[in-house]
Amino acid sequence: MKEQTPMGMNRTGMQMSPFDANAMTGTPASMTPATPGDDSALAEIRSAYIAESDPIGSVPVPGTVRGALTTGVSMLTGDQPQLLLDKLGERLAFERTGTRLYDALITKFETMQDQSTSMTLADLQKIRQDEARHFAIVADAIQTLGGDPTSQTPCADLVGVESMGLMQVVTDPRTTIAQSLHAILVAEMTDNAGWELLIALAEDQNQNSLITDFSVALDEERVHLQQVQAWFQEATIGEVISNGALIDDIGDANPSQLH
């Protein structure tokens, strides 16, 4: 029953109160603004905040002599090691979140004993292990460049905020497997784009030693994306079939049983 999308007492739409619909679409005199205006004042305030604000954060100065030398040499040759370190911090944060997303999905999958997709526990555990290994790859890359993988860069902070909604979806006990897979799909699409950008930055910064491991990670993430897309489609179609069967059962039932 958990996997079905039920028809129920959803009262959020105007059609649930047709007698009040006209009044809702009109503007009561009591709500008419006393003075003319628009949202330009709000836009001006936002513009002022944007113009005066500081950045979200900064990329930390290397805390080791080796790191300072590596960064200094890169900057002297015209590279921007801080940009690469920032995006590495982003991937590190996202791969950590990806690992936790799959931990949550595994728990839900085991609990619900879902059979609507070809997805298996072994599949989920394999992807979870890949995400954890990708985290380690990025951490090693940061250390190779003389950075500190425990620091939170601006882009790491950003993706932490972005991914909170995805985590909330998968850990919500009310969401179905299909709904959880939709959140995972968003994460996997973002992950693929992130690795592609990271490889491009490594090439631009002449960090060719990092590209091999990054390319392996990207290939694995592409497989993850294909798998999740297929599972999401299967789960969604499975819900449609399940709902159709339920409607047929209700239609075939004895009216005396429908109480």
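**Talking through an all-helix predicted model**

Trainee: How much area does the chain expose, and what share of it do carbon and sulfur atoms supply?
Mentor: Keep in mind that we're looking at a predicted model. The chain exposes about 16,000 Å². Of that area, the share supplied by carbon and sulfur atoms is 58%.

Trainee: And what share of the residues is buried?
Mentor: Here the cut-off is a relative accessible area under 20%. The chain has 259 residues, and the buried part comes to 35%.

Trainee: How many helices and how many strands does the chain have?
Mentor: Reading from the N terminus, the elements go α-α-α-α-α-α-α-α-α. That leaves strands at zero, with helices numbering nine.

Trainee: What part of the contacts with a separation of 6 or more comes from residues 24 or more positions apart?
Mentor: Contact here is heavy atoms within 4.5 Å. Take the contacts in the chain with a separation of 6 or more; residues 24 or more positions apart account for 81%.

Trainee: On to the largest pocket. Which helix gives the most to its lining?
Mentor: Its space is about 160 Å³. Three helices each supply at least two lining residues: H4 (81-112), H6 (154-162) and H7 (164-171). With four residues, the top contributor is H4.

Trainee: How do the lining residues of that pocket divide into nonpolar, polar and charged?
Mentor: Among the lining residues are Arg96 and Arg100, along with Ala93, Gln152, Gly160 and Met164. Arg counts as charged, Ala and Met as nonpolar, and Gly as polar. The full split is four nonpolar, four polar and two charged.

Trainee: Thr97 lines the pocket too. Is threonine 97 buried or exposed?
Mentor: Threonine 97 sits in helix H4. Beyond its neighbours within four places in sequence, threonine 97 touches Ser163 and Met167, and both of those also line the largest pocket. Its relative accessible area is 13%, and the cut-off is under 20%, so threonine 97 is buried.

Trainee: Which residues is glycine 147 in contact with, leaving aside its neighbours within four places in sequence?
Mentor: Glycine 147 belongs to the loop between helix H5 (121-144) and H6. Leu85, one of its contacts, falls in the 81-112 stretch of H4. Set aside those sequence neighbours and the contacts of glycine 147 are Leu85 and Ile142.

Trainee: What separates the C-alpha atoms of glycine 147 and glycine 89?
Mentor: Along the chain these two glycines are 58 residues apart. In space, their C-alpha atoms are separated by 9.6 Å.

How values were computed:
Residues numbered from 1 in each chain as written. Predicted model: local features only at pLDDT ≥ 70, side-chain atom pairs only at ≥ 80, totals over all residues. Heavy atoms only, no water. 1 Å grid on protein atoms, 1.4 Å probe; cavity = no way out; pocket = protein on both sides within 12 Å on 5 of 7 lines; lining within 4 Å. Points joined across faces, edges and corners; volume = space filled by probe spheres on them. Buried < 20%, exposed > 50% of the residue type's maximum accessible area, 1.4 Å probe, protein only. Areas by Shrake-Rupley, 256 points an atom, 1.4 Å probe, with all protein chains shown as cover.
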